[in-house]
Every structure is written in C-alpha cells, then in structure tokens.
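Happy to walk through this one with you. Have a look at the model first, and then we can take its contacts one question at a time.

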There are 4 protein chains.
Amino acid sequence: MAKSKYEYVKSYETDDKILQNCWIIVRIDGKAFHKFTDAHNFDKPNDIRGLNLMNFAAACVMKEFNEIVLSYGQSDEYSFVFHRSANVYNRRASKMMSNVNSLFTSSYVFYWNNWFGEQKLKYPPCFDARIVLYPSDQNLKDYLSWRQADVHINNLYNTCFWNLVLNKGLTNSQAEERLRGTVSSDKNEILFTEFDINYNNLPAIFRKGTILLTKQIKIDEENRTRKMVIPIYDDLIREKFWKEHDELLEKKSPKYYEFPLEEPLPELVRQLLELKYQNEKK
Amino acid sequence: MAKSKYEYVKSYETDDKILQNCWIIVRIDGKAFHKFTDAHNFDKPNDIRGLNLMNFAAACVMKEFNEIVLSYGQSDEYSFVFHRSANVYNRRASKMMSNVNSLFTSSYVFYWNNWFGEQKLKYPPCFDARIVLYPSDQNLKDYLSWRQADVHINNLYNTCFWNLVLNKGLTNSQAEERLRGTVSSDKNEILFTEFDINYNNLPAIFRKGTILLTKQIKIDEENRTRKMVIPIYDDLIREKFWKEHDELLEKKSPKYYEFPLEEPLPELVRQLLELKYQNEKK
Amino acid sequence: MAKSKYEYVKSYETDDKILQNCWIIVRIDGKAFHKFTDAHNFDKPNDIRGLNLMNFAAACVMKEFNEIVLSYGQSDEYSFVFHRSANVYNRRASKMMSNVNSLFTSSYVFYWNNWFGEQKLKYPPCFDARIVLYPSDQNLKDYLSWRQADVHINNLYNTCFWNLVLNKGLTNSQAEERLRGTVSSDKNEILFTEFDINYNNLPAIFRKGTILLTKQIKIDEENRTRKMVIPIYDDLIREKFWKEHDELLEKKSPKYYEFPLEEPLPELVRQLLELKYQNEKK
Amino acid sequence: MAKSKYEYVKSYETDDKILQNCWIIVRIDGKAFHKFTDAHNFDKPNDIRGLNLMNFAAACVMKEFNEIVLSYGQSDEYSFVFHRSANVYNRRASKMMSNVNSLFTSSYVFYWNNWFGEQKLKYPPCFDARIVLYPSDQNLKDYLSWRQADVHINNLYNTCFWNLVLNKGLTNSQAEERLRGTVSSDKNEILFTEFDINYNNLPAIFRKGTILLTKQIKIDEENRTRKMVIPIYDDLIREKFWKEHDELLEKKSPKYYEFPLEEPLPELVRQLLELKYQNEKK
C-alpha cells in the first residue's frame with residue numbers, strides 16, 4: 001500500500017493567501033430563502049425570530065474569531081469584517097471563508113429551536129459565502145453603507161408591499177403594480193395615509209439591520225464588566241458611528257459601552273449573555 | 001440615501017471561475033473533531049453512528065448537485081468529486097465550495113438525532129473546505145487512492161492503539177510508545193496474537209472508507225428501479241473499480257447496479273431510500 | 001539604515017504557481033502593429049522579412065527554454081507551448097511569461113537588421129503576453145487548430161483585400177465593401193478570375209503560419225546530425241501531423257527529421273543553423 | 001475550416017484583473033546580468049552608461065503609461081509605480097506587466113548604441129517582471145525605502161569589494177574574506193583609510209539609485225515650461241521627499257519643478273528632452 005506513490009497529488013493544492021493590509025469581508029447569503037421562509041411561515045415583511053436567529057448565529061462566529069471587529073446582518077445575509085491586520089489561518093481565503101460559513105450554518109440549525117420553539121425546522125438550510133477585499137478604511141465604510149442603504153430600500157418596499165397584500169387584500173401582482181415607479185416619499189405616504197404607519201417609528205432592527213460589536217458592558221450593580229457581543233441598530237452611514245466606535249478601525253481592545261441591561265431583557269441579549277468565548281469554552 | 005454612491009464597492013469582487021476541463025474536488029474536514037468526538041463519546045477507534053451521519057450528510061449534498069459523480073468519506077473528512085464538465089454556478093469556486101460545505105454542515109446537524117438518538121448534540125460542529133483541481137483522469141484516481149491509502153494506515157494504527165488502551169489498559173503514551181516504529185505486518189500481528197483480531201475481517205467501512213455513487217437500483221419484486229445514492233465499501237485503488245463503474249469518468253447516466261435490498265436493511269440504506277433528489281423535493 | 005524595518009513588504013508578493021499537469025501556452029502579440037508595419041513599409045498582405053524575424057526571435061526563445069515543445073506563429077503573434085510536465089521557474093506564471101516575452105522582444109530588436117538590412121528600425125516595438133492553460137491533449141490541439149484556422153481566414157481575406165487595393169486601385173473602403181458577405185469560395189474565385197492567383201499555390205508560410213519544432217537533422221554527407229529548431233509549414237489541424245511528430249505530446253527527445261538542407265538554403269534556415277542552444281552559448 | 005469548432009478554447013483564458021485601490025508595482029529585473037555585464041565590460045562597481053541606459057529605457061515606459069507616477073531604478077532592476085487609481089488595460093495584470101516589460105526591454109536594446117557607442121551589444125538581454133500590490137500609502141513608501149536601503153547596502157559593499165580587487169590586487173575570494181562580518185562603519189573606514197574615498201562624496205546616482213518623476217520644467221529664458229520625465233537622485237526614505245512631491249500620492253497633474261538645465265547638460269537629461277509622449281508621437 002504505497003502511500004508515497006500517491007502523495008504527489010497534494011502538490012496540486014494552491015496557495016490562496018489573502019493580500020495583507022486589506023479589510024477582509026466574508027459575506028454569507030441564504031440559498032433559496034424565499035422558499036425557505038415560505039416553508040417555515042416567516043412573518044412578512046420581517047420575522048423577528050428569523051432575524052434574531054441570524055444575529056445569534058453571527059455572534060457565535062464572532063466569539064470564535066476575535067479578529068472580526070464588526071458584523072452586519074440584514075434579511076438572510078451577514079457580512080463579517082476581519083480587521084486588515086487579521087492573521088487567522090495565515091490569511092488563507094478558503095480556510096477563513098469555509099470556517100465562518102460552516103460555523104454560521106451549524107449555529108443556525110443548532111439554535112433554531114431557541115427562536116422558533118414548537119415550529120420545527122423542516123429541512124437543512126444552506127448559505128453560500130464569498131470573500132471581498134477592501135484596501136482602504138473608506139472602502140470598508142462604503143461597503144457597509146452599501147449594505148445598509150440596501151436594507152432601507154428593500155425594507156421600505158417590502159413594508160408597503162406586504163401591507164398592501166396582507167391588510168388591503170391586494171394580490172402580489174396588484175401590489176407590485178401599485179408600487180411600480182414610486183419613490184421613497186411616495187411609499188412613506190402610502191404607509192402613513194393608508195395604514196397609519198409612520199415608517200420611522202418601525203423597529204430599528206427592521207429599518208437599519210443589525211450591527212454586532214464586541215464591547216465591555218456593565219453586568220451588575222457593582223459596575224463589574226465583561227466582554228460581550230452586543231447588537232446595535234444604528235446608522236453606520238454617518239461618520240458619527242465611526243467616531244463613537246473608534247476602536248474598530250484601529251483594532252484596539254473592546255471599549256466600554258453603556259449598554260442598557262435592565263429587565264426585561266430582549267431575548268437576543270439574554271441569549272448573547274450566555275455565549276462563551278472561544279478560549280473560555282467547552 | 002444615495003445607493004449608487006456606494007455601489008462601486010461591488011466592483012471589488014473578483015472572478016474566481018475554475019479552469020475548465022479539470023476534475024474539481026471539494027474536500028471538507030472537521031474542525032477540532034478530536035475534541036468534538038470526545039465531547040460526544042464517540043466509540044473508538046470508529047463510531048459507526050458518526051460515520052453513517054457523515055455518509056448521510058454527504059448523500060444530501062450529492063442529491064443537490066447532480067454533477068458530483070463520486071464522494072469519498074473517511075473519519076471526519078469527505079471529498080466530493082465534480083465531473084470535469086461540471087458547470088454549476090458557472091464554475092465559480094467560492095459558490096461551489098461554500099454551498100457544498102454549508103449544506104453538508106447543515107445536514108450533519110439537522111440529522112444528528114437520526115443517528116445519535118437520545119445523545120444530544122452539545123454544540124455546533126464546524127467543517128472547513130478547500131478546492132483542489134486535477135487535470136487528468138489518472139490524477140483523480142491517484143487523489144482518491146491517496147485518501148484511501150490514508151484510511152488504511154490510520155485505521156490500522158488506531159485499531160491497535162485503542163485495543164491497547166481499552167482492552168490492555170495501556171495509557172495513551174504507553175500505546176504510542178508500543179507502536180512507535182512498527183510497520184503494517186507488526187500491527188497485524190499485534191492485533192492477531194494479543195486481541196484475536198484478524199484485521200481483514202473488520203468491517204469494510206472502517207478499513208476502506210465509504211464511496212458514494214449514484215446508481216439505478218432494483219427496489220421491488222417487479223424489478224422496478226429508481227435512482228439512488230448508495231454506499232460502497234470497495235477498493236478504489238484497483239483498476240477493477242473504475243472498470244466496473246465506467247460511467248463515472250465519462251459522466252454517463254447512472255447505471256443499473258445489483259444492490260442487495262433484502263431486509264433487514266442497514267440503517268444508512270434505509271434512510272438513503274427516503275432522500276429526495278433536488279428536483280423532486282419540497 | 002534599518003533594512004529589516006522595510007523588508008516586510010516582500011511578504012506582499014503572491015505565489016502564482018501554475019496548476020501542474022496542464023499544457024502552458026505563452027502567447028505574445030504585437031502592440032499596435034498596424035501602425036508599426038505602416039511605419040516600416042511592410043509588404044502587404046504579408047512581409048516575408050517580418051515573418052522570418054518573428055520566426056527567428058521565437059527560435060531564440062525555444063533555444064533558451066527546452067521545455068517548449070512547439071511554437072506557432074502567424075502575423076504579429078506567437079504561441080509557445082510548454083510541455084505539461086514543464087518545471088522551469090517552478091512553474092511561476094509571471095517568471096515564465098515575462099522571460100519568454102522579454103527574450104522574444106529583445107531578439108526581435110537585436111536581429112532586426114539581419115532581416116531588414118538597410119531599412120532601419122524607427123522606434124522600439126512592444127509585445128504583450130498572456131498565459132493560458134489547457135488540461136488535455138485535445139484542448140492543446142484545438143488551441144493550435146484555432147490559431148491556424150485564424151490564419152487561413154485572415155490571410156484569404158487580406159490577400160483579396162490587398163490585391164483589390166494594390167492591383168485594382170480600389171480604396172480601402174471599396175475593397176472592404178467588395179468583400180462584405182463573401183465566403184471562402186467567393187474569395188478564391190475573385191483571386192482566380194481577377195488576379196490569376198490560385199490561392200493554394202501561394203507560399204505555405206502565408207497560408208499555414210509557421211510551426212517551430214526541435215529536431216535532429218542531417219547536416220552533412222556523412223549523415224552526421226545535430227539538434228536544431230526547424231520551421232515547418234504544415235497543417236496541424238489534421239491528426240496526421242500529431243502522428244508524424246508523436247514525440248511532442250510525450251516529451252520524448254527530439255526525433256530525427258528528414259529536413260532538406262540543399263543549397264541555396266532559405267535565409268531563415270541558414271540563420272537558424274547559427275543559433276546556439278542555451279548550454280552551448282556565450 | 002470550421003473556426004467555431006475550436007473557438008471554445010478562448011474560454012480557458014482567465015480574468016486577472018487587479019484589486020482596485022491598491023498601488024501596483026511592476027518590477028523588472030535583469031536575467032543573468034552578472035554574465036551580461038562581464039560580457040560587455042561594464043565598469044565596476046557601477047557603469048554610468050549602463051545606469052543611464054536603464055534610466056532612459058524606464059523613461060520610455062513612463063512616457064507610454066501616464067498612470068505611472070514614479071519609477072525607481074538601481075543596478076539591473078526597475079520598479080514602476082502605477083497610481084492606485086490606474087485603469088490602463090482595465091487593470092489586467094498580464095497586460096500591464098507584459099507591456100511594461102516588453103517596452104523596457106525593447107528600448108534597452110534599441111537605445112544601446114546611444115550609451116555604449118562603439119561597443120556593440122553582443123546578444124539580446126532579457127528581463128523578468130513581477131507585479132506586487134500595496135494597499136496603503138505607507139506600504140508604498142516602505143516598498144521604495146526597502147529598495148533604496150538595498151542600494152545603500154549593496155553599493156557600499158561593492159565599492160569596497162571592487163576597490164580591493166582593482167586597486168589593491170586582491171582576488172575575488174580574498175576581497176570577500178576581507179569584508180566578511182564588517183558593518184557599514186567598517187566599510188566606510190576601509191574606503192577612507194585605504195583608498196582615500198569619502199563614500200558620501202561618491203555620485204548620488206550610485207548611492208541613491210535613480211528616481212524618475214514627471215514634472216513641468218522651465219526650458220528657456222522666457223520661462224516657458226514643458227512636461228518631462230526627469231531623474232532625481234534623492235533620499236525617498238525621508239518624509240521630506242513625499243512632502244516636496246506631494247502630487248504623487250494624490251495623482252495630481254505634474255507640478256513645476258526647478259530643474260537646472262544649464263549647459264553642459266548631462267547626457268541623460270539631453271536625451272530625455274528628446275523623448276516624446278505617447279500622444280505626441282509617431
């Protein structure tokens with residue numbers, strides 16, 4: 001059984017080391033989630049259970065990879081931002097991409113019941129992944145702004161669409177027809193006059209997506225703190241965000257953040273508090 | 001909310017189309033499975049439940065991607081062979097790799113209970129993935145031979161090691177020491193004289209790994225057939241294998257295979273019979 | 001002068017090793033040669049001096065890289081075929097591509113006067129280069145057939161075009177107009193009836209391009225032989241070519257070839273006889 | 001002659017577009033120039049004719065590619081810095097690398113006689129090329145500092161070595177032995193005490209290499225200016241250089257530079273004044 005005779009095949013593997021000093025985004029994206037959300041009766045236009053499961057699975061990834069300085073999620077996609085100085089797996093693209101994607105998927109399935117309770121998962125969901133590199137800090141900010149602008153546009157549209165369908169009885173085609181050619185102000189007007197909805201008062205998680213950051217937060221009356229992944233529903237297109245969280249670009253240690261932990265805690269935060277970091281676990 | 005201002009970031013994505021007319025292997029590999037198998041009390045040296053779960057998850061992947069002509073699994077790794085003519089996702093490497101890996105991971109978690117029953121999954125497992133290309137048919141055969149030779153070497157060692165530890169009471173270090181420098185014949189001798197084990201009589205799934213192929217098999221008395229992913233525990237290093245399954249290299253339609261379906265069916269086959277193909281499902 | 005402080009920049013270089021067991025084509029192509037041939041009064045539609053200079057420069061490259069088994073040239077382009085087993089520069093793409101291209105360019109300028117005599121080179125010409133990989137022998141044959149089919153189509157067109165312009169006094173636009181929509185047989189007919197030219201009797205170097213091979217040839221009456229790069233103007237689309245030169249695909253030693261060396265020798269062959277091999281020179 | 005049958009081979013070409021917003025360095029390097037300089041009796045340790053020919057060939061490249069903001073040469077190597085915003089050939093790596101390398105090579109051979117006069121070029125020289133990317137401005141400065149620190153170290157060594165050999169009669173091995181383990185101050189001391197040479201008074205072109213920049217310079221008494229590639233022998237490791245030439249990083253238009261054009265002009269400058277820009281020429 002001459003092993004050596006075959007080992008030459010190992011030399012066909014290629015080196016896919018990522019260029020240094022670039023921001024590394026791993027973006028995962030649900031495969032055929034239109035069908036998946038239908039099969040699992042997701043609320044429309046947004047299902048808070050589904051979003052929280054995405055956020056929780058993403059936090060599991062962040063706990064494992066401490067060079068991820070920020071993650072941003074919306075709908076069935078999540079972007080993980082590895083710091084430009086990241087060196088995990090010696091920056092091999094396949095290793096980084098596949099581990100992030102697999103751990104995310106695994107966590108999504110594993111924690112499904114925590115969020116969907118009695119409603120069983122019917123079949124295994126699938127996420128694809130890609131890697132994109134950004135040389136400058138401005139590129140990185142623009143990338144995230146691109147994703148957040150995307151949320152705004154899609155969510156405003158979807159909110160109108162599903163209100164027309166669910167609350168006005170329009171068919172899908174009628175709703176599409178009604179919205180064709182409308183601009184943002186038209187849609188805001190429809191929501192306000194026809195459904196008494198002030199779009200800006202809708203939950204920020206729907207309008208802004210979820211930003212996950214690692215922070216030091218106060219966990220008790222005696223002002224003891226611990227490091228934790230926290231969700232923030234903020235506007236990262238504005239420069240103010242980057243000033244407030246100026247440790248991100250510099251890859252400094254997690255900063256203290258005044259995070260409200262009053263009871264009753266949102267379920268996502270309650271579960272995030274249970275998440276252990278890589279070097280603490282198992 | 002000027003979307004267009006940010007959309008330039010999309011142009012930073014790169015084209016990772018795979019060279020045509022090469023065999024494409026996606027190999028996935030369990031991350032930190034030493035710890036994982038300990039935490040879940042896997043039988044040593046081989047856990048038939050764990051192997052069958054790997055095989056079943058791999059079959060889920062094959063059902064989704066009909067350009068995979070063969071999969072080969074051993075221990076916590078699986079190799080998926082896309083035919084050299086494959087065109088799924090326009091041969092984009094990231095897409096192929098991440099979808100295979102995610103669906104495998106997802107299925108592994110989703111179907112855990114089918115194989116481990118009462119023993120709960122304790123935390124989400126993770127698999128990495130890589131892509132390797134092989135230009136010639138001979139390269140492909142050599143790759144698979146490399147993996148199968150690896151099973152032989154590892155399994156013979158592990159079988160000795162765990163018998164020494166579990167049945168002779170040696171510590172891990174003592175067992176390692178005992179096996180240092182031994183060749184295959186020495187290990188066969190140890191098994192035979194000390195544990196009354198004829199290595200060649202051990203289950204083929206342990207000694208050969210599992211080959212998954214898509215075949216037409218007979219499913220009833222009236223000789224009706226259906227297409228199905230089946231497990232084969234054979235020697236693919238020998239040319240005989242490639243002659244017997246000559247449709248693989250040519251990417252012809254699945255051939256009829258005389259597969260024994262007598263009761264009682266092995267659990268893996270029973271479950272594979274339930275698996276639906278991509279275009280049949282949901 | 002802290003050298004070490006800056007040396008980290010070296011780690012930004014990437015590994016561009018070419019996949020093993022693939023045929024490697026380096027194709028070079030003249031930049032802006034329309035302008036170049038006008039500036040240097042090349043004969044139309046073909047300039048034998050220019051073609052021979054291309055061929056000679058290509059032979060200089062073949063003498064330097066003995067893993068090139070065949071080169072094929074036409075017009076202002078040349079394809080160099082490195083054997084699938086080639087290992088020069090450890091198969092680093094940049095190294096292979098840039099060395100071939102630079103040596104070709106350098107030889108083209110250096111030997112210009114050998115072919116153009118009194119007519120001076122007016123400015124430095126430039127060639128670009130690319131690398132293309134072909135996994136199978138059939139791919140390689142098809143690549144070369146593609147280039148040779150291209151010669152046929154272009155040369156038949158150009159022969160008609162320039163005869164109409166130079167011998168019938170048509171303007172360029174009139175000649176283009178005349179040829180629009182014509183098929184091969186139409187063009188053959190024009191040449192025959194209007195210019196008394198039987199296309200198939202034109203020199204093979206114009207109709208077929210030039211194949212360069214390394215062969216053992218007889219160099220004197222006593223049947224002594226030597227290894228030499230020789231030009232062949234043959235049809236490589238036919239399987240007959242590959243049977244006759246069956247050492248190419250197998251990378252065997254140069255075979256004996258009955259090459260006519262009677263006086264008067266064509267100038268290209270006379271000069272090729274002077275070319276020294278890498279390990280003989282300087 | 002079915003062209004279409006073969007055209008599929010074109011689809012095997014790969015897209016090698018360079019990541020946007022990175023500095024692109026094309027570095028060319030003489031192949032076997034030790035042998036080449038011996039064969040052409042280059043002065044040791046530096047041949048001013050050879051350096052000026054390198055500089056002139058590099059200027060020819062800069063005139064053709066106006067996105068090159070700086071070139072830096074030393075010994076038989078040259079680095080061409082394309083601005084991070086460069087878009088020539090749609091940033092295809094092979095195109096950029098091969099055109100720069102070919103035009104440099106071509107110019108080196110074409111202009112040889114301008115610098116070496118009666119001493120004929122004996123055989124075609126060859127240069128290899130590579131591309132390296134740098135995401136940040138600091139990376140770029142560090143790259144160039146790395147090359148300039150290299151000049152210092154090598155030139156100090158070579159100056160000592162060749163003085164020992166040529167003026168003290170040591171053999172090459174004796175000179176190597178003498179210099180083994182010496183640091184910079186030792187070598188300065190040897191030059192000063194044994195050869196009466198103050199290293200810092202040697203020509204800057206030897207000690208610093210040559211920086212080529214495109215500037216607006218005064219060309220006559222009436223203060224008329226023109227755009228021109230000029231040589232600068234300065235210290236680019238210091239921040240002062242980057243402040244003085246602050247148009248480089250920003251890719252602004254060439255700035256006015258007080259460049260001395262008094263007679264007698266150095267030969268390099270005299271010849272550079274004759275060089276035409278891409279859009280002016282032929």
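Before we start, a definition: contact means heavy atoms within 4.5 Å. Keep in mind, too, that this is a predicted model.

Q: How many residues does the contact take from chain D and from chain B?
A: Here the cut-off just given applies, heavy atoms within 4.5 Å. Counted that way, chain B supplies 6 residues and chain D supplies 6 residues.

Q: What area is buried between chain D and chain B?
A: Carbon and sulfur atoms give 51% of the area that chain D and chain B bury between them. The total for this pair of chains is about 670 Å².

Q: How many residue pairs are in polar contact across the interface of chain D and chain B?
A: Salt bridges do not add to this interface, as the rule finds 0 between chain D and chain B. On the side of chain D that touches chain B, the classes are 2 nonpolar, 3 polar and 1 charged residues. With both residues at pLDDT 80 or more, the number of pairs in polar contact across the interface is 2.

Q: What separates the centres of domain 1 and domain 2 of chain A?
A: Let's turn to chain A, where the domain assignment gives domain 1 as 17-152 + 207-282 and domain 2 as 153-205. Their contact takes 16 residues from domain 1 of chain A and 15 residues from domain 2 of chain A. Taken over C-alpha atoms, the separation of the two centres is 28 Å.

Q: Which residues in domain 1 of chain A lose the most area to domain 2 of chain A?
A: The two domains of chain A bury about 1400 Å² between them, with 55% of it from carbon and sulfur atoms. Three residues together account for 52% of what the domain 1 side buries. They are A:Pro45, A:His152 and A:Arg207.

Q: How many residue pairs are in polar contact across the interface of domain 1 and domain 2 of chain A?
A: The rule finds 0 salt bridges between these two domains of chain A. The side of domain 1 that touches domain 2 has 6 nonpolar, 6 polar and 4 charged residues. For polar contacts, with both residues at pLDDT 80 or more, the number of pairs is 16.

Q: What is the largest C-alpha distance among the residues covered by the UniProt annotation "binding site"?
A: The unreviewed UniProt entry places this annotation on A:Asp29, A:Gly30 and A:Asp76. One of them, A:Gly30, lies in strand β1 (residues 23-30) of chain A. Although the annotated residues are spread over 48 residues of sequence, they cluster in space, and their largest C-alpha distance is 5.8 Å.

Conventions. Residues are numbered from 1 along each chain as its sequence is written. Chains are lettered from A and ligands numbered from 1 in the order in which they are written. This is a predicted model: local features need pLDDT of at least 70, side-chain atom pairs count only at pLDDT 80 or more; totals for chains, interfaces and linings use all residues. Side-chain values use heavy atoms; hydrogens and water are left out. Domain bounds come from an automatic or database domain assignment. Buried area is the accessible area (1.4 Å probe) that two parts lose on being put together, summed over both. A salt bridge is a side-chain nitrogen of Lys or Arg within 4 Å of a carboxyl oxygen of Asp or Glu. A polar contact is a pair of N or O atoms within 3.5 Å; within protein, one must be able to donate a hydrogen and the other to accept it, and residues adjacent in sequence count only if both atoms are side-chain atoms. Ala, Val, Leu, Ile, Met, Phe, Trp, Tyr, Cys and Pro count as nonpolar, Asp, Glu, Lys and Arg as charged, and the others, Gly among them, as polar. UniProt positions are given in the numbering used here, feature names are shortened, and annotations may be inferred rather than shown by experiment. Helices (H or I, at least four residues) and strands (E, at least two) are DSSP runs, numbered from the N terminus.
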